[in-house]
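User: Please walk me through the local features of this entry that deserve a careful look.

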Amino acid sequence: MAIETSCDDTAAAIICNGKIKSHLVAAQSVHAYYGGAVPELASRAHQQRIIPVVRQAVQEAHIELVDLDAVAFTQGPGLLGALLLGTSFAKSVAFALGISLIAVNHMKAHALANFIDEPYPNFPLICLTVSGGHTQLVLVKDHLDMEVIGTTHDDAVGEAFDKLGKLLGFPYPGGPFIDQHAKKGNAQRFSFPSTTMPQLDFSFSGIKTAVFYFIRENQKKDAQFVVKHREDLCASIQATLVDMLLKKLKKAVVQTGIKNIALAGGVAANSGLRGALEDLAKQENWKLSIPRMAYCTDNAAMVAMAAHHQYLTGDFCNLKVTAKPRLPF
Ligand code: KG4
Ligand code: ZN
């Protein structure tokens with residue numbers, strides 16, 4: 001069984017011989033009201049949901065708790081209080097049932113979401129992991145052998161989507177709203193500067209500032225500027241962010257010579273990114289893997305998949321293990 005509580009989704013999954021038997025996610029809608037994930041509220045909501053979520057995951061897998069061989073949990077990175085909840089819960093289960101305990105890295109688990117459904121991608125592969133907390137290019141040599149070859153120096157791309165969404169007047173998280181409105185807009189209408197970073201790294205704070213000043217200047221002339229141009233603004237912003245991601249992915253392919261490409265993380269839901277990546281993969285002759293949406297956003301099935309491989313190699317921990325909000329990759 002795997003438990004995921006790194007941010008604002010409480011999730012549990014059951015895996016048996018590498019196949020997901022059940023997986024459940026209870027999203028926490030409380031954060032929308034505050035315009036972002038509130039750590040204390042996330043911890044409290046995890047506490048309320050963890051037992052019902054685990055109970056249902058066990059039920060849906062048609063097993064009993066005593067059938068479990070091991071319990072896995074997300075050790076980090078994430079919000080400390082949220083991670084602590086999952087860590088303590090998993091430790092209690094391991095202690096009570098006398099079973100093995102497995103600590104999983106959330107970011108590695110995101111990449112392994114590509115190995116839940118067949119056909120599995122071939123190794124080595126480059127995984128572009130894009131979420132609200134991270135933007136990474138990961139060289140995946142094997143299920144447990146991965147290396148970050150590019151990362152953001154400031155905001156994650158999902159965070160940029162959400163902050164820009166807020167500027168445009170959308171509720172949190174703004175990413176899906178930008179996506180929706182971008183479909184009806186003209187991506188060439190406005191142009192925003194994309195920050196160039198060395199090597200395979202990213203930066204998304206510049207575009208946020210550029211859009212902020214652009215909107216402010218235009219609103220001085222026309223208070224209704226955002227309302228009148230919302231769709232074109234969304235399309236132009238989205239196109240800039242997607243272009244920044246794909247430029248670096250292309251560079252990573254040139255540098256490594258690897259043409260097996262995978263996508264992971266919540267921003268993989270973005271239709272502009274998916275479409276542009278699919279076109280690029282065809283054009284460049286890449287083999288592309290995109291997990292189904294439920295495995296892109298935070299979930300416990302991906303944690304279970306990582307745990308399955310750690311189980312096979314005997315990568316267990318003891319009850320002294322603690323949550324690590326800044327767990328290195
Ligand atoms: O992986 P995830 O569920 O949680 C984290 O680990 O962060 O990713 C959440 C992020 C949010 O920033 C959200 O706005 C973004 O994924 N997202 C999207 C879309 N759907 C979710 N961003 C752009 N377009 C979407 N359709
Ligand atoms: Zn995540």
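Analyst: Helices (H or I, at least four residues) and strands (E, at least two) are DSSP runs, numbered from the N terminus. The model is predicted, so local features need pLDDT of at least 70 and side-chain atom pairs pLDDT 80 or more, while totals for chains, interfaces and linings use all residues. Residues are numbered from 1 along each chain, chains are lettered from A and ligands numbered from 1 as written, and side-chain values use heavy atoms without hydrogens or water.

User: In which loop does proline 173 lie?

Analyst: Tyrosine 172 and proline 173 are joined by a cis peptide bond with omega about -10°. Proline 173 itself lies in the loop between helix 4 and helix 5 (175–182).

User: What arrangement do the four donor atoms around the zinc ion (ligand 2) have?

Analyst: His106 (NE2), His110 (NE2) and Asp298 (OD) coordinate the zinc ion (ligand 2) at 2.1 Å, donors being N, O and S atoms within 2.8 Å of the metal (3.2 Å for Na, K and Ca). Histidine 106 lies in helix 3 (residues 106–112) and aspartate 298 in the loop between helix 9 (293–296) and helix 10 (301–313), so the pair ties together parts 192 residues apart in sequence. Because the four donor atoms subtend angles of 94 to 137°, the arrangement is irregular.

User: Is asparagine 17 buried or exposed?

Analyst: Asparagine 17, in the loop between strand 2 (9–16) and strand 3 (19–27), has a positive phi of about 50° although it is not a glycine. With a relative accessible area of 72%, asparagine 17 is exposed.

Definitions and conventions
Four donors count as tetrahedral if all angles lie between 85 and 135 degrees; four count as square planar and six as octahedral if opposite donors are over 155 degrees apart and all others between 65 and 115; anything else is irregular. Buried means under 20% relative accessible area, exposed over 50%, partly exposed in between (1.4 Å probe, protein chains only).
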